[in-house]
Amino acid sequence: MSKISIIVPIYNVQKDYLNTCISSLLQQTLEEIEIILVDDGSNDETKNICDEYAKKDERIKVIHKENGGVSSARNVGIKNANSNYIMFVDADDWIDKNCCSKLYESIKADEKIDIVCCSYYKTYTNIEEKNVIFTNRELIDCNITNINYYDMKIIGNTWAKLYTKQILKDEWFNEDLSSGEDVEFNFRIFSKVKYILALNEFLYHYRIREDSSVRKYSEQAIEKYTKTITYMKKDIKEQNKLQINAYYSFGAVAFLMICLNMIFTKEYGKSYFSKVKATKELAKKEPYKDIIKNSKHVKLPFTRKLPLLLAKYHMYFLLNIMIKVKKRFNE
């Protein structure tokens with residue numbers, strides 16, 4: 001029996017990216033793994049690439065399905081996972097060759113651990129940027145800790161983590177969501193967790209792509225983010241301050257993403273002043289009015305809080321300069 005099931009949702013992924021991803025899984029020093037490639041209705045050569053890999057290595061299981069979105073693909077992967085531990089990897093990312101062994105050995109060393117997570121690299125075209133979760137190895141007792149394990153750096157993604165299959169029992173990705181589905185999933189899962197182990201090792205490579213769906217203009221951005229926020233609000237447990245802070249933190253990030261979408265994308269097709277007016281009107285509507293009012297609950301590092309403050313007070317000229325400087329630095 002495999003020790004870890006690695007679930008990879010795939011839809012029309014660039015060939016070299018997909019090859020890098022799958023190759024990194026096959027090169028793991030922990031060999032007892034199950035690799036579940038879920039082809040979410042790809043209409044390019046992706047499906048053939050997956051099938052070819054499956055012919056070469058019996059650890060690979062390929063599932064072809066109709067397109068239903070990343071949440072649907074991950075749910076199919078969970079249903080077909082045979083291991084006691086589950087990991088999610090995005091098809092354009094890759095992992096260090098020791099990633100599985102280090103996460104597995106760490107979670108097996110203490111039966112009470114529900115999730116182990118690691119730090120990761122943000123990989124741009126020419127540079128890699130370290131994203132530190134914790135500076136030291138940290139075992140978090142979720143019942144008594146003051147540590148913010150609901151930090152957006154932790155709950156903001158489902159990759160760079162190893163979950164026990166037990167903690168995922170009867171929990172599924174919300175297929176009604178197409179933005180922030182990782183956050184909403186972890187938001188629910190973390191309310192059940194008793195112990196989290198955070199490793200101060202960089203074992204995952206998260207690729208930042210200019211053509212990524214999360215970076216493109218979308219007319220449905222407001223609707224998508226609002227739907228995620230609404231689900232999260234329903235999931236809040238009373239008196240859970242960390243969860244409440246996470247709700248407002250994600251809401252603030254969502255508000256910023258919508259403002260950036262509206263102000264700085266040419267596809268929006270309106271004048272600058274009409275765009276600013278639209279963001280001001282949005283700030284007066286729920287749930288964003290409540291989120292802005294309760295900004296004291298937003299727990300984010302200064303580098304992320306500054307653009308939120310600039311958006312909150314509609315200082316888009318300064319925000320535009322900040323974005324251009326960061327983009328120039330990452331080129």
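# A walk through the predicted model

Helix α4, residues 99-108, is mostly covered: seven of its 10 residues are buried. Those seven are Cys99, Cys100, Ser101, Leu103, Tyr104, Ser106 and Ile107. The model is a predicted one.

Now take helix α7, residues 221-235. Its length can be checked. At 1.5 Å a residue, counting one less than the number of residues, the 15 residues of α7 should span 21 Å. The end C-alpha atoms are 22 Å apart, so the model agrees with the expected span. Which residues of α7 are buried? They are Ala221, Tyr225, Thr226, Thr228, Ile229, Met232 and Asp235. The cover over these buried residues includes α6 (181-189), α8 (241-264) and α10 (288-293).

Two of those covering helices come up again. Start with α10, which holds aspartate 290. Is aspartate 290 buried or exposed? Its relative accessibility is 17%, so aspartate 290 counts as buried, the cut-off being under 20%. Leaving out residues up to four places away in sequence, aspartate 290 touches Lys233 and Tyr248. The C-alpha atoms of aspartate 290 and glycine 251 are 9.5 Å apart, although 39 residues separate the two along the chain.

Just before α10 comes a backbone feature. The peptide bond from glutamate 286 to proline 287 is cis, with omega near 5°. Proline 287 sits in the loop that links α9 (272-283) to α10.

Helix α8 leads to the enclosed space. How many cavities of 30 Å³ or more are there? The count comes to one. The largest cavity holds about 30 Å³ of space. Its lining consists of Asn148, Tyr150, Asp151, Met152, Leu242, Asn245, Ala246, Ser249 and Lys299. Helix α8 gives the most to this lining, with four residues. By type, the lining of the largest cavity splits into four nonpolar, three polar and two charged residues.

Next, an open space. The second largest pocket has a volume of about 160 Å³. Cys142, Asn143, Tyr149, Phe190, Ser191, Val193, Gln239, Asn240, Lys241 and Leu242 line this pocket. Five of the lining residues are nonpolar, four are polar and one is charged. Leu242 lines the second largest pocket, and Leu242 also lines the largest cavity.

Now go to the start of the chain. Serine 2 lies in the segment before β1. Its relative accessible area is 17%, so serine 2 is buried. The side chain of serine 2 makes a polar contact of 2.5 Å with the side chain of serine 83. Not counting residues up to four places away in sequence, serine 2 touches Glu32, Ile33, Glu34 and Ser83.

Serine 5 follows, in strand β1. How accessible is serine 5? Its relative accessibility is 0%, so serine 5 counts as buried. What does the side chain of serine 5 join in a polar contact of 2.4 Å? The partner is the side chain of glutamate 34. A polar atom of the serine 5 side chain also lies 3.5 Å from the backbone nitrogen of asparagine 82. Beyond residues up to four places away in sequence, serine 5 touches Glu34, Ile36, Ala81, Asn82, Ser83, Tyr85, Ile86 and Met87. Glu34 and Ser83 appear in this list, and both are also touched by serine 2.

Two residues with positive phi round off the tour. One is asparagine 12, a residue other than glycine, with phi near 45°. Asparagine 12 is found in the loop between β1 (4-10) and α1 (15-26). With a relative accessible area of 27%, asparagine 12 is partly exposed. The other is alanine 160, also not a glycine, with phi near 60°. Alanine 160 lies in the loop between α5 (152-155) and β9 (161-164). Is alanine 160 buried or exposed? Its relative accessible area is 4%, so alanine 160 is buried.

Note on methods. Residues are numbered from 1 along each chain as its sequence is written. This is a predicted model: local features need pLDDT of at least 70, side-chain atom pairs count only at pLDDT 80 or more; totals for chains, interfaces and linings use all residues. Side-chain values use heavy atoms; hydrogens and water are left out. Buried means under 20% relative accessible area, exposed over 50%, partly exposed in between (1.4 Å probe, protein chains only). Contact means heavy atoms within 4.5 Å. On a 1 Å grid over the protein atoms alone, a cavity is a set of points where a 1.4 Å probe fits but cannot get out, and a pocket is an open set with protein on both sides within 12 Å along at least five of seven lines; lining residues have an atom within 4 Å of a point. Grid points are joined across faces, edges and corners, and a volume is the space filled by probe spheres set on the points. Ala, Val, Leu, Ile, Met, Phe, Trp, Tyr, Cys and Pro count as nonpolar, Asp, Glu, Lys and Arg as charged, and the others, Gly among them, as polar. A polar contact is a pair of N or O atoms within 3.5 Å; within protein, one must be able to donate a hydrogen and the other to accept it, and residues adjacent in sequence count only if both atoms are side-chain atoms.
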